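Colleague: I should be grateful for a close look at a single part of this model. Please take the sheet and describe how its strands are arranged.

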Amino acid sequence: MRHGCFDSGGVVQSGSGYSVSASSGAYTLSFNPAPGAGNYTVLLDGRTSTGRALALSTSGTVSTGLTLTRGWLDAGGETITRICFMLVR
């Protein structure tokens, strides 16, 4: 199991064994050491500055980099407060 939270800039706020690369609304998680082969489940919780749940979609793999892409933000100045994940096998 791996878990953690990071902010809108991709700065790790909690957890260990992973890094985040942020680029234009997408966040790529790289794990070190890389998880072994197997079937994984990813639980996500992203929150905005208004407390609204943030839509997130995933692509990639846990061995090469798991990419999280955020959904829309309100044009009234809403920002991302945090994105948390739990990866389990």
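In particular, in which sense do S7 and S8 pair, and over how many bridges?

Modeller: Please bear in mind that this is a predicted model. S7 and S8 pair in the antiparallel sense, and six bridges link them. The connection between S7 and S8 is a hairpin of three residues. Within this pairing, Gly60 is found opposite Leu66 of S8.

The pair belongs to an open sheet of four strands, which follow the order S3-S4-S8-S7 with antiparallel pairing. At the edges lie strand S3, residues 18-23, and strand S7, residues 56-61, each of which pairs on one side only. From one strand to the next, the twist averages 20°.

S8 also has a partner in S4. Strand S4 covers residues 26-31 and strand S8 covers residues 65-70, and these two strands pair in the antiparallel sense over four bridges. Two positions illustrate the register. Thr28 stands opposite Thr67 in S8, while Ala26 faces Thr69, likewise in S8.

A general point may help in reading the side chains along such strands. In a regular strand, side chains alternate between the two faces of the sheet.

To return to the request, S8 is thus joined to S7 by six bridges and to S4 by four, in the antiparallel sense in the former pairing and in the latter.

Notes. Residues numbered from 1 in each chain as written. Predicted model: local features only at pLDDT ≥ 70, side-chain atom pairs only at ≥ 80, totals over all residues. Heavy atoms only, no water. Pairing = 2+ DSSP bridges. Axes fitted to C-alpha atoms, helices over the stretch in contact; angles between N-to-C directions.
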